[in-house]
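Visitor: I would like to be walked through this protein chain with some care, starting from its overall make-up and ending with single residues.

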Amino acid sequence: MLISLTTTGARSGRRHTVQLGAVPDGDTHLVVASAGGADRHPAWFHNLKANPRVTTEIDGRASGAIAVPAAAEERDRLFDLVVGVAPGYADYQRQTSRVIPVVVLHPEDPDAVRARAAGDELVALHGWFRAELAALRAGAAVEFTDDLRSNCLAFCVGLERHHMGEDYAVFSFLQQRFPELSPALEQLRAEHVKVARLRGELSVLAAQGAPSTSDFDRLADELTGHLDREEALLVPLLNALPDVPWPKVG
């Protein structure tokens, strides 16, 4: 079947419409960013990565949707499903070394009211963690005072609560709503485990003595990379949703 997909330009902010083949899958539709087997993703795919809120038109009926690229093995499963309906996509994949994305178009509730931009909240919260960790590293390089010790322990508790909230509320919500994200979310959960180990070591050192700058450096390197990956995956999607059970720190 054919579908008209309208996205918002990642740089221009202008609306762009393309005609694509689509495969129904339950309540969703699957579209493939094949670009005819070219070595680069099509422009519409980059647009929806930046802004997942899209408009679809099927048989003359327009409606809103949330576009989510499938991750890892879920992408492979859905690609096989598409190829079973439209075998030509397998030929496109053979023509290029890039993994051709499969995008799941989830219908948007027309009655939903967008309460807040949860992705912006995530960025702001991550900004606080980054700033606090930078201040702790700078302070430890001079003198690990009692005030710095208290700030360090508070930082570790805040980070623990944040990741617990993500694991049990946000990630679970997103996995239920968007199953194609499950592999990527499980990877973020695995990163939480590694961060938790480093955070625990830092808490013990802070309670018993004075952590060195290298102790902060190890946590900073791991945490910074994790926050960057999480933001790249989740911020556009969270900002596109009307309601997300985003936890607060403190």
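The questions and answers below concern a predicted model.

Visitor: In what order do the elements of the protein chain run from the N terminus on?
Guide: The protein chain of this predicted model has seven helices and seven strands. Read from the N terminus on, these elements follow the order β-β-β-β-α-β-β-α-α-β-α-α-α-α.

Visitor: What share of the contacts in the protein chain with a separation of 6 or more comes from residues 24 or more positions apart?
Guide: Some context on the chain comes first: its C-alpha trace spans about 65 × 40 × 30 Å along the principal axes, and buried residues make up 48% of its 250 residues. Among the contacts with a separation of 6 or more, the share that comes from residues 24 or more positions apart is 74%.

Visitor: How much of the area that the protein chain exposes do carbon and sulfur atoms supply?
Guide: The protein chain exposes about 12300 Å². Of that area, the part supplied by carbon and sulfur atoms is 52%.

Visitor: Is helix α4 roughly parallel or roughly antiparallel to helix α7?
Guide: Helix α4, residues 118–140, packs with helix α7, residues 213–240, at an angle of about 170°, and their axes are 9 Å apart. Angles over 145 degrees count as roughly antiparallel, and therefore α4 is, relative to α7, roughly antiparallel.

Visitor: Which residues, by class, does the contact of α4 with α7 have?
Guide: The two helices in this contact pack with their axes 9 Å apart. Sorted by class, the residues in the contact of α4 with α7 are five polar, seven charged and 14 nonpolar.

Visitor: How many disulfides does a search of the whole structure find, and why is there no bond between C152 and C156?
Guide: The cysteine sulfur nearest to that of C152 belongs to C156 and is 4.4 Å away, whereas a disulfide requires sulfur atoms within 2.5 Å. The two sulfurs are therefore too far from each other for a bond, although C152 is buried with a relative accessible area of 0% and C156 is buried with one of 3%. For the whole structure, the number of disulfides found is zero.

Visitor: Is E74 buried or exposed, and with which residues is E74 in contact, leaving aside its neighbours within four places in sequence?
Guide: E74 lies in helix α2, which covers residues 72–85. Its relative accessible area is 16%, and since buried means under 20%, E74 counts as buried. Leaving aside neighbours within four places in sequence, the residues in contact with E74 are P179, E180 and P183.

Technical notes: Residues numbered from 1 in each chain as written. Predicted model: local features only at pLDDT ≥ 70, side-chain atom pairs only at ≥ 80, totals over all residues. Heavy atoms only, no water. Axes fitted to C-alpha atoms, helices over the stretch in contact; angles between N-to-C directions. Helix = DSSP H or I, 4+ residues; strand = E, 2+ residues; numbered from the N terminus. Parallel < 35°, antiparallel > 145°, perpendicular 65-115°, else oblique. Nonpolar A, V, L, I, M, F, W, Y, C, P; charged D, E, K, R; others polar. Buried < 20%, exposed > 50% of the residue type's maximum accessible area, 1.4 Å probe, protein only. Contact = heavy atoms within 4.5 Å. Areas by Shrake-Rupley, 256 points an atom, 1.4 Å probe, with all protein chains shown as cover.
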